[in-house]
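This report describes selected local features of one protein chain. The sequence and the structure are shown first, and the description follows.

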Amino acid sequence: MPANSSPLISIIIVVYNGSATLQAAIDSVLGQSYERKELLIIDGGSRDGTSGIIQRNDQGIAYTVSEKDNGIYHAMNKGIAAAKGDWIYFLGADDVLFTPTVLADIFLQNGLEHVDFLYGEVAYTNEKKQYLGGEKNYVQLVDANICHQAIFFRKEIFEKLGPYNTRYAIVSDHAKNIEIYRDESLKKNYLPTIIALFNNSGASSDTIDKHFHGDMLDIFLGKDRVSWFAPQLQQYHFYYGIVNLLAGKLPTAIKHIPASWLSGRRKIFYFFFTGKFVMRILSRRKIKLK
């Protein structure tokens, strides 16, 4: 890509019954001063007023589809397949880009020609504070993911590594980022810039990805040969142990859950969090596995 060219940015919004917030998300994209952009909206077959909002903004939308999907990452993969941009960015239907010039501020600068994975910061809409993720190395990423709305992916990443793995219903973005960071040929670049206002009200500890933590432990302990008690594995031991506890596999649960009490920054937290989960199980309060 010539140094003086402006890349095309594909902004993908995945939505389901998002009529209360979708228009604001669309406005934040269409109101960008940066001209080389396309907006794609992947609707999961909404039953509220979402389709009407999409129709009213038809002139500004490069691609849209409305049909039932198999989860958010299946929908995101549809957007990747349809995107024509040099870069791909995912904006939540209840998020907004931080300023009308944020794309121009990032992509009209030089020095991004050889960058594959570009990330910055987000600000929480509900807590009125910045999510200070900061620059991350591989070990730090394993411990804590980069907020999805803070990342721009060069499209070639997905052509090389493939789309999101729909085996992981909740945290496939974390799995993909780990895969990207394990590939040392992909250049990562951090910008201390707030990219989006992120709606963080949907987080819940009642839903656990039933495959992610076990699969990642296999990679970290097997391929990477990380120590069993490495601090960055704390959450993986805990949630993999809980998944096995819920599945009635007590020996495996006993093997992993205590490991989260013995290393890492949050030993006391995970000790008491274990008790909380046990109380939920004993009281038959439903814990979702996806």
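Which residue follows α9, and what is the sign of its phi? The residue is Gly 248, and its phi is positive, near 80°. The model discussed here is a predicted one.

**Helix α9**

Helix α9 covers residues 234–246, 13 residues in total. From its first C-alpha to its last the helix reaches 19 Å, close to the 18 Å expected at 1.5 Å a residue. Because ten of the 13 residues of α9 are buried, the helix is largely enclosed by the rest of the structure. The buried positions include the run Gln 234, Gln 235, Tyr 236, His 237, Phe 238 and Tyr 239. Gly 241, Ile 242, Val 243 and Asn 244 are buried as well.

**Strand β1 and its partners**

Strand β1, residues 9–15, is mostly covered, with seven of its seven residues buried. In a regular strand the side chains alternate between the two faces of the sheet. In β1, Ile 9, Ile 11, Ile 13 and Val 15 point one way, while Ser 10, Ile 12 and Val 14 point the other way. Both of these sets are buried.

β1 pairs with β2 and is also joined to β4, in each case in the parallel sense. The table sets out the two pairings, with one residue pair for each.

| Partner of β1 | Residues | Sense | Bridges | Residue in β1 | Residue opposite |
|---|---|---|---|---|---|
| β2 | 37–43 | parallel | seven | Ile 12 | Leu 40 |
| β4 | 87–90 | parallel | four | Ser 10 | Ile 88 |

Ile 12, whose bridge partner in β2 is Leu 40, and Ser 10, which stands opposite Ile 88 in β4, point the same way from β1. Between β1 and β2 the chain passes through helix α1, residues 22–30, and this β-α-β crossover is right-handed.

**The second largest pocket**

The second largest pocket has a volume of about 220 Å³. Its lining is made up of 14 residues. Those nearest the centre of the pocket are Ala 175, Ile 178, Glu 179, Met 216 and Ile 219.

Two helices, α7 (172–182) and α8 (212–223), each supply at least two residues of this lining. The most comes from α7, with six residues. By residue class, the lining of the pocket divides into seven nonpolar, five charged and two polar residues.

Note on methods: Residues numbered from 1 in each chain as written. Predicted model: local features only at pLDDT ≥ 70, side-chain atom pairs only at ≥ 80, totals over all residues. Heavy atoms only, no water. 1 Å grid on protein atoms, 1.4 Å probe; cavity = no way out; pocket = protein on both sides within 12 Å on 5 of 7 lines; lining within 4 Å. Points joined across faces, edges and corners; volume = space filled by probe spheres on them. Nonpolar A, V, L, I, M, F, W, Y, C, P; charged D, E, K, R; others polar. Buried < 20%, exposed > 50% of the residue type's maximum accessible area, 1.4 Å probe, protein only. Pairing = 2+ DSSP bridges. Right-handed = clockwise from strand over helix to strand, strands pointing away. Expected span 1.5 Å × (residues − 1).
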